[in-house]
Amino acid sequence: NSKQKMLIAGIGESQEPFSYLATIKSLFKDSNLTDILELKTVDLQSRPTRKQLFKHSYFEYPYEPDYARTSFINYVRSDMRYKNSNSYYRVNDEIFDFLNNAYKQNSLWDMRLQEAVKTFADEEFDIISINNTIAYITDKDSRINTINDIYRTLKKNGTFITDPYYNFIKEANLSERFFKIADGIYKKK
C-alpha cells in the first residue's frame, strides 16, 4: 500500500534493473511504476546515454520472454545478433522511461559503493540489491564496513539481495540480524 524504496548497486548493462522492473510491472499491471516504487542506483561507471539504455532494453533473443510477458513489447530491429529474425522484444515504454528517469534523477554515477552507501539515511530502503558487486571490494575491512552500512540503510523487514555464492552477511557477523530466505536473499529482522 505504500511506495517501496529500492537501491540497486552495480547495474552493468541494466539487465538487473530491467528484470526487476519487468517483474514488478507484471505483478502490478494496473499501477504506475512511479506510484509504487522509488528506485535509486549506484554504479562505478558513468550514466548510460538514452541511446545506450534503449539498446540495453532489449531481451536478447528473438522469442517472447518466459516471464513478465506483459512487460515486453514486440519491436522490429535489424541490428541484433540473430540475423534470421528482425522481430525482438524490449521492455515497454513505461519501464524504459521509469528507469531512464531514475538514472537521471536518483542515481549516483562514477562512485564506488563503499562511499555511496554512507550517504544514505538509516532505514531508507525496503529493498537493496547488490548482486555481483560486493566481491569486487577486495579489502576485507572495507567490505565488512560496506555490509554494515547496507544493514544500517535497510528498513526492518527489508530485503537484501546479494551474491548467492558468498556469505557476506556471515563475514560481517550479521547472521543473527537477518533471516535467510534463500541463497543470497535475506530479510532484516
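## Strands and the seven-stranded sheet

Two strands count as paired if DSSP finds at least two bridges between them. With that in hand, here's a look at this predicted model, starting with β8 and β10. Strand β8 covers residues 154–162 and β10 covers residues 185–188; they run antiparallel and are joined by 3 bridges. One residue pair to look for is I161, whose bridge partner in β10 is I185.

Both strands belong to an open sheet of 7 strands, ordered β6-β2-β1-β7-β8-β10-β9, and the pairing is mixed. At the edges sit β6 (107–108) and β9 (178–182), each of which pairs on one side only. Helix α4, residues 93–105, packs on this sheet and touches β2 (37–42) and β6. The direction of α4 makes about 55° with that of β2.

## Helix α6 and T153

Another helix to follow is α6, which lies across β7 (125–130), β8, β9 and β10. Relative to β8, α6 runs at about 135°.

T153 is part of α6, which spans residues 140–153. Is T153 buried or exposed? T153 has a relative accessible area of 0%, so it counts as buried. Leaving aside residues up to four places away in sequence, T153 touches V117, F120, A121, D122, E123, E124, F125 and I128.

## The smaller sheet

There's also an open sheet of 3 strands, with the order β3-β5-β4 and antiparallel pairing. Why does one side of β3 and of β4 lack a neighbour in the sheet? β3 (58–59) and β4 (72–76) stand at the edges and each has a single partner strand, so one side of each is left without a neighbour.

Strand β5 takes in residues 87–91 and runs antiparallel to β4, with 5 bridges joining the two. Within that pairing, N74 has Y89 in β5 as its bridge partner.

## Aromatic rings

Now for the rings: the structure holds 9 aromatic pairs. One of them is F178 with Y186, an edge-to-face pair at 6.1 Å centre to centre and 70° between the planes. The edge-to-face label applies because planes over 60 degrees apart fall in that class. F178 is buried, at 5% relative accessible area, and Y186 also counts as buried, with 5% relative accessibility.

F178 and Y186 are part of a bigger picture, too: ring pairs link Y151, F160, F178 and Y186 into a cluster. Y151 has a charged visitor as well, since K188 lies over the face of its ring, at 4.2 Å from the ring centre.

Key. Residues are numbered from 1 along each chain as its sequence is written. This is a predicted model: local features need pLDDT of at least 70, side-chain atom pairs count only at pLDDT 80 or more; totals for chains, interfaces and linings use all residues. Side-chain values use heavy atoms; hydrogens and water are left out. Rings of Phe, Tyr and Trp (its six-membered ring) pair if their centres lie within 6.5 Å; planes under 30 degrees apart count as stacked, over 60 as edge-to-face and the rest as tilted. Buried means under 20% relative accessible area, exposed over 50%, partly exposed in between (1.4 Å probe, protein chains only). A charge sits over a ring if NZ of Lys or CZ of Arg is within 6 Å of the ring centre and within 35 degrees of the ring normal. Helices (H or I, at least four residues) and strands (E, at least two) are DSSP runs, numbered from the N terminus. Contact means heavy atoms within 4.5 Å. Axes are lines fitted to C-alpha atoms, for helices over the stretch in contact, and angles run from 0 to 180 degrees between N-to-C directions.
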